Structures are given as structure tokens and as C-alpha cells.
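Dear colleague,

Please find the structure below, handed over for your use. A short account of what was found in it follows.

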Amino acid sequence: MSGDRVVVDPEALQRMISRLGDLRGSLQAQAQVLAAQVAAVPLAVDTPNRLRAVDTWAAEQEARLHRRLVLAQAADPAVRDSPRLVFLPTSSDRYETSEQASGAGRALAEELLRPDPNRRGDQRVTAALTDLGARVTDPDFVAGFFDRLGPTGLARLLYRLFVPAGPAAQERVAVILGRGLATYSGVRDLAGAWLRGFNRAGRPGEVETSLLGPLLAHGQFAPALLERLGDLFFGTADGSLHDAGLRPGPRGTAAGSRWAAGSAHRDYAAALLRAIAAQPRLAAEFATRHLSHLLSASHLQGGGLPGALRPDGDAWSAQLEPARAALIAAAGGSAARHDQPAAAREFVVRLVEMTAGPDSAHVSAHMRAAFGQVLHVWRDDLYAAVTSPLPPDTSAPGAPGLGLAPGQWATLLRESLRGGASAPMLAADAVTFAAGLDLRAWEQTRGYNRPDTGYYPASPRALAYHQSNEVATFFGAALTDVAEAELRDYAANVAQHQRRTAVLLDVLAETVKSIDATSLVRTLANLARGLTVEIVEDRVRRATANQPIGPARAVLAELRAGLRRFPDWQARYRASVADLWRRRGSDPLRPVLVTTADGATRVYTGDPRADGFIAGPADDFLGPTDEPIAVEAMSRGQRAAYERWLASPAIVANNDRIASILGVLPSDVVPGWAPDWARP
């Protein structure tokens with residue numbers, strides 16, 4: 001700890017303040033008792049007055065401690081692995097108590113509100129905001145300032161500052177007021193009565209939301225305020241509030257200013273959506289609630305509808321599409337998944353379902369890139385749906401694939417690839433996941449083919465090999481479908497879309513050529529060059545009108561010919577395992593001996609109880625006849641145990657039907673199957 005700062009534990013400080021308050025209560029009670037006794041029996045003692053003096057001192061210390069607590073709670077934690085501890089400077093605070101700081105804030109607001117006979121308003125505002133800028137993280141000072149200013153006073157101040165020339169001319173002012181109002185939103189409820197008065201005319205319930213636009217990018221606003229503003233923007237708030245945007249000024253309209261009413265409201269909407277996206281704990285739940293609005297607006301931007309035919313209103317403006325896409329990406333992003341896993345999972349499930357629905361349509365390039373970001377974060381869930389030997393469990397969001405079918409995920413994947421920008425990243429995801437399957441299979445079955453083990457009908461890694469192939473086939477099919485759709489669009493709209501289609505087709509073909517099935521390292525190196533929507537658009541602008549597409553067609557034809565699909569392999573594989581288990585009396589299962597990561601050995605017998613897959617009634621998936629019950633009747637625990645057993649080394653290695661079901665070559669089988677270590 002350096003000499004210019006001190007470590008504060010806010011929780012311990014709060015307990016200390018509470019204890020001091022309790023002691024003051026006891027002290028006051030004792031002082032009253034002693035005062036009564038002294039009055040009844042006149043004595044030359046001064047104990048009651050001394051106790052009152054101690055109480056006065058304790059009251060002063062309690063107020064000072066409370067002030068330090070307020071500052072500590074407002075500070076950002078400096079030690080991430082110990083969030084209870086914060087660092088505060090040891091330099092003396094300008095204000096001893098919260099009341100003093102709040103009073104100073106009120107006095108500063110008075111400077112802005114009092115009449116100005118000398119017409120030096122601009123200088124006075126500049127000076128006042130400079131003082132505010134030095135205290136924007138002080139909750140007491142900020143509370144006093146904005147309490148006195150009030151919502152109507154703030155609206156008038158913002159109009160005076162921004163409407164004549166726009167927020168760009170007052171960027172420093174926007175930063176100060178934005179940071180201050182963000183702090184204020186953390187100590188006051190601005191989503192209720194305060195918001196009802198946020199307009200220059202003081203009309204109850206009329207909110208001039210556009211005036212908040214310049215501020216929203218400059219602080220961490222309270223989620224309740226952002227959520228209420230978002231509901232108001234999408235028209236789902238209660239009827240007590242009305243979004244007035246920006247009312248005409250006293251001279252008729254604000255449209256004559258450089259910050260016109262329509263532009264101001266569009267800027268506000270974009271800032272609001274990005275502010276919500278910046279808060280993972282809010283983004284997922286909010287985006288889920290308004291997903292239909294967000295996607296409908298994007299459908300109009302991506303469907304080729306001429307601008308003149310699009311519905312009027314900022315909610316449909318093409319200029320808002322990057323902000324809408326940012327909210328979608330954040331709602332399904334890694335931060336939201338970490339902070340709000342249930343809400344983020346619900347968002348992704350609904351996004352996949354809506355994208356795969358019968359009424360879905362193509363979206364904009366920005367939204368496609370956002371879809372790609374979501375799929376990147378939920379990569380393991382996407383390919384768990386593809387590789388799981390069980391059917392989707394729609395009743396359990398935590399099931400493999402989030403309970404969604406591979407075909408549903410495929411629709412979202414194709415829409416993501418259609419924009420081109422996400423193709424390299426998503427291809428790298430597929431290759432990485434497939435390589436991980438191979439690696440885990442090898443780690444779990446090391447040493448199975450040692451000289452004294454004999455031969456098995458199949459390798460215990462055969463299922464993992466097939467699952468890796470399914471991942472590659474799934475992604476390759478989606479990539480080829482998208483590229484061929486671009487070819488069809490090219491043929492149907494040569495004059496209008498030839499440059500865009502040719503460039504996108506070239507991007508997709510480049511992605512195909514980058515995939516090296518023999519080397520994960522080379523593949524990831526080939527795909528390392530990132531693409532953005534802007535890069536793709538620039539390539540479209542630079543492309544010639546007659547860019548050749550013949551080479552891309554050849555690459556896609558080669559990919560399509562190389563894809564090997566095995567439809568319904570999951571059901572056929574489960575049936576083969578059931579037969580294998582049912583006939584184990586006459587055809588005993590050959591144990592598989594493997595080397596674990598710590599160098600020990602483990603024997604897999606194929607018996608789910610002996611191998612530890614069934615540990616008790618909660619995960620026992622075998623019925624009265626000692627055969628697996630129907631998957632649909634299994635509990636979540638039974639499904640998980642059943643899935644692990646289906647992929648266990650002994651079950652895979654003894655399955656002589658794998659060659660026909662999964663398309664892999666069988667191992668040679670020789671008589672005398674049992675090695676010495678497996679004989680009785």
C-alpha cells in the first residue's frame with residue numbers, strides 16, 4: 001500500500017457505523033437517567049453534561065464515517081480478486097460530512113439557476129460545470145447538484161447547451177454532465193417521478209428523451225433508468241410517460257439548428273441501445289423482451305427494400321442498425337453469459353427459434369455479424385447439438401445444444417455466414433471444436449491398442465472421429481448452402497447485385513480454401529485474418545462490375561462433393577448399442593484398458609454400473625429388463641449418464657456396426673479376443 005492511499009472495507013465500515021449508532025443510543029439513554037437523578041438529588045457533578053459532550057463528538061464522527069463510506073461505495077474496486085476492498089486517497093476531503101458535500105452541490109446548482117442581469121451566462125455555466133467536473137464521482141455532491149437543478153432545470157440546461165450547435169460543439173460538457181448524471185442515477189430513482197418531469201415546459205409525464213442522447217455514452221447509468229427509457233423507446237412502457245423526443249423551441253422549431261429534432265432523436269436512440277449493450281446484466285433480458293422489434297427492423301434493412309418504402313420513424317432507421325446489432329451481440333456475448341447465464345441462455349434460445357421460424361427473413365450485414373459473435377460465444381452449445389447421440393431435450397435449456405435441434409442452429413449459422421464477415425471466425429470455431437473432440441478421445445483412450453490387448457471391432461475413438469466429421473460436414477453444408485444461394489442471387493440479379501454477390505462468394509470460397517483437414521494449426525493460421533462488415537463493404541466498392549466467379553464455383557463444387565452426410569445416425573447408433581448390450585450374454589463385451597492422464601490404468605467393461613456411469617437411482621437409465629428406457633422418459637440425470645455410456649470406450653470399441661452406421665473402417669478381428677489381463 002502506497003503512502004497516498006488507504007484501503008477501506010465498505011462492509012466493515014458499515015458495521016462500525018451501525019455499532020457507533022447503537023452506542024450513541026445507549027449513551028443518550030444513560031444521560032437521561034443520570035440527568036433525572038441529579039435533578040432529584042442536587043449534587044455537584046457534571047456527568048450528564050460530559051455524556052452529552054461525548055454524544056456530540058460521536059455524532060460528528062458518525063457523520064464523517066458515513067461520508068467516507070459513501071466515497072468508498074462510489075469508488076471502483078482496485079483489487080479484482082477481493083471486491084470488498086477499495087482504495088481511497090489519504091488526502092483530506094473537502095467536505096467533512098455528506099450534508100456539507102450535498103450543500104455544496106446545491107449551491108453550485110443555484111449558480112446556474114439564479115437570474116443573470118449582467119448577461120454573463122456562458123461564462124457562469126462554464127465555471128459551474130468545471131466545478132462539477134471535479135466532483136462527478138462524489139455521490140453526495142452530485143445528489144445535491146441535481147436535486148436542486150431538478151429534471152426540468154436539467155432539460156432546460158441541456159437544450160441551452162446542445163440544441164444551437166449540437167453536442168459535438170460541447171463534447172467536454174457532455175462528458176461532465178454524462179458522468180455526473182450517471183452517478184446521480186445510482187443514488188436516486190430516475191426511472192420514476194424524476195423522469196416524468198424531464199422536459200423544458202414542466203409537463204407531467206412528457207419526456208424529452210433526445211436531450212439525454214449526448215450524455216448516455218459517458219457513464220455507467222443505473223439499469224432501471226436505461227430499461228425504462230428502452231421500454232419507452234420501443235413503446236412498451238406504461239401510459240404514464242410519453243416520449244416527446246425534442247419539442248419545438250420557443251421560436252418555433254429546433255429543426256433549424258445543426259442538431260435537428262429528427263437527428264437528435266436518432267442519436268439518442270443509438271446512444272441508448274449502446275448504453276444498454278454495455279451492461280451485460282441488463283442487455284440479455286432487455287434484448288430478449290424486445291427481440292421481435294430488433295429483428296423486424298433489421299429485416300427491413302437487409303431485405304433490399306428501397307428507403308422510400310420503409311416505414312417512417314427512428315425505430316426503423318438504417319442509421320440505427322449498428323447500435324441494434326451491438327445490442328444483439330452483447331445480449332449473447334461472453335460478458336452476459338458470465339454475469340447472467342440464465343438470461344443469456346434464454347436470449348440465445350429465443351434468437352435461434354425466431355431465426356429458424358417460418359416468418360424469418362434475411363437481416364442486415366451488421367446484424368449478421370452480430371449473429372456470428374453470438375455463435376462464436378456459444379460454439380460448444382451449437383456443436384453439442386450436432387454431435388450429441390441423443391435427440392434434443394426441449395424441456396431442459398441446460399441440455400446439449402440448449403435443447404435446440406441442429407437444423408435450428410443451422411439457420412442462424414447460414415444467416416451469419418451470408419454476410420461474409422463472420423465466415424473465417426466461424427470456420428475456425430468449427431475446426432477448433434472438431435480438433436478438441438479428437439484430442440479428448442485420444443486422451444481418454446491412450447494405450448488401448450497395446451500389444452497384449454488383441455483387436456476390437458472398432459476403435460474406441462471411432463465415435464469421436466465421426467462426431468468430428470459431423471461438425472465439419474455441418475459447417476461445410478451451411479457454408480456451401482450460403483455460397484450457392486449467392487450464386488442463385490447472382491444469376492437472378494446480375495445487373496443489380498453482381499459486384500456484391502461476387503465479392504461475398506469470393507470471401508466464402510476463401511474461407512473454404514483455408515480449411516486444412518490435416519492441420520488445425522495451419523487452418524487457424526489461414527483463417528487468422530479477421531473481417532468486418534466495413535472491410536467487406538469496401539471490397540464491394542472496389543470490385544469491378546464483371547468480377548469472375550468461375551474459380552469460386554469450382555471450389556464450392558469440390559466442397560459439396562467432399563461432404564459426407566450420415567442422416568439419422570444418432571437413432572441408428574443408439575439402436576446398435578441397445579443390441580450390443582442385449583446380446584452381451586452370448587457375445588461378451590471386450591474390456592478396454594486405457595492409460596489415464598496421471599499415468600494410471602483404467603478398465604472399461606461396457607457395464608454402465610461397473611464403469612461408474614450409473615451411481616444410483618437418480619442416473620439409472622436401465623429399466624426393469626436391464627435395458628435402456630426410452631430417451632423421452634429419462635430425467636436430466638439419466639440422460640447425462642446415458643450419453644456418457646454411449647460414448648464410453650468399451651461400448652464404442654465393441655460395436656461392430658459402427659462401420660455401416662458412421663462410415664468408418666472397422667479394425668481387424670481375430671479369434672481369442674480376451675487378453676491375459678481380462679481373463680478370469
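**Findings: helix packing and buried residues**

The crossing of helix 10 and helix 12 is left-handed. Please note that this is a predicted model.

The axes of these two helices, helix 10 (residues 280-289) and helix 12 (residues 321-331), come within 8 Å and cross at roughly 115°. Helix 10 and helix 12 therefore count as roughly perpendicular to each other. On the side of helix 10, the residues that meet helix 12 are Ala 283, Ala 284, Phe 286 and Ala 287, and their partners in helix 12 are Leu 327, Ala 330 and Ala 331. Sorted by class, this contact has 7 nonpolar residues, with no polar and no charged ones.

Helix 10 also packs against helix 14 (residues 341-355), at an angle of about 30° and with the axes 8 Å apart. Here, too, the crossing is left-handed. Helix 10 contributes Ala 284, Glu 285, Ala 287, Thr 288 and Arg 289 to the contact, while helix 14 contributes Ala 343, Ala 344, Glu 346, Phe 347 and Arg 350. The residues of this contact divide into 5 nonpolar, 1 polar and 4 charged.

Two further places in the chain concern burial.

The first is Arg 368, which lies in helix 15 (residues 365-377). Is this arginine, Arg 368, buried or exposed? The cut-off for a buried residue is a relative accessible area under 20%. Arg 368 has a relative accessibility of 10% and therefore counts as buried. When neighbours within four places in sequence are left aside, Arg 368 is in contact with His 362, Val 363, Glu 415, Ser 416, Arg 418, Gly 419 and Ser 422.

The second is helix 25 (residues 636-646), whose buried residues are Gln 638, Arg 639, Ala 641, Tyr 642, Trp 645 and Leu 646. Viewed down the axis of helix 25, these buried residues fall within an arc of 170°, so they line one face of the helix. As general background, an α-helix has 3.6 residues a turn, so residues three or four places apart point the same way.

As for the chain overall, there are 27 helices and 6 strands. Of its 680 residues, 48% are buried. Among contacts between residues at least 6 apart in sequence, 75% join residues at least 24 apart.

With kind regards

Key: Residues are numbered from 1 along each chain as its sequence is written. This is a predicted model: local features need pLDDT of at least 70, side-chain atom pairs count only at pLDDT 80 or more; totals for chains, interfaces and linings use all residues. Side-chain values use heavy atoms; hydrogens and water are left out. Buried means under 20% relative accessible area, exposed over 50%, partly exposed in between (1.4 Å probe, protein chains only). Helices (H or I, at least four residues) and strands (E, at least two) are DSSP runs, numbered from the N terminus. The arc is that of the directions from the helix axis to the C-beta atoms. Axes are lines fitted to C-alpha atoms, for helices over the stretch in contact, and angles run from 0 to 180 degrees between N-to-C directions. Angles under 35 degrees count as roughly parallel, over 145 as roughly antiparallel, 65 to 115 as roughly perpendicular and the rest as oblique. A crossing is left-handed if the near helix is turned anticlockwise from the far one by less than a right angle, and right-handed if clockwise. Contact means heavy atoms within 4.5 Å. Ala, Val, Leu, Ile, Met, Phe, Trp, Tyr, Cys and Pro count as nonpolar, Asp, Glu, Lys and Arg as charged, and the others, Gly among them, as polar.
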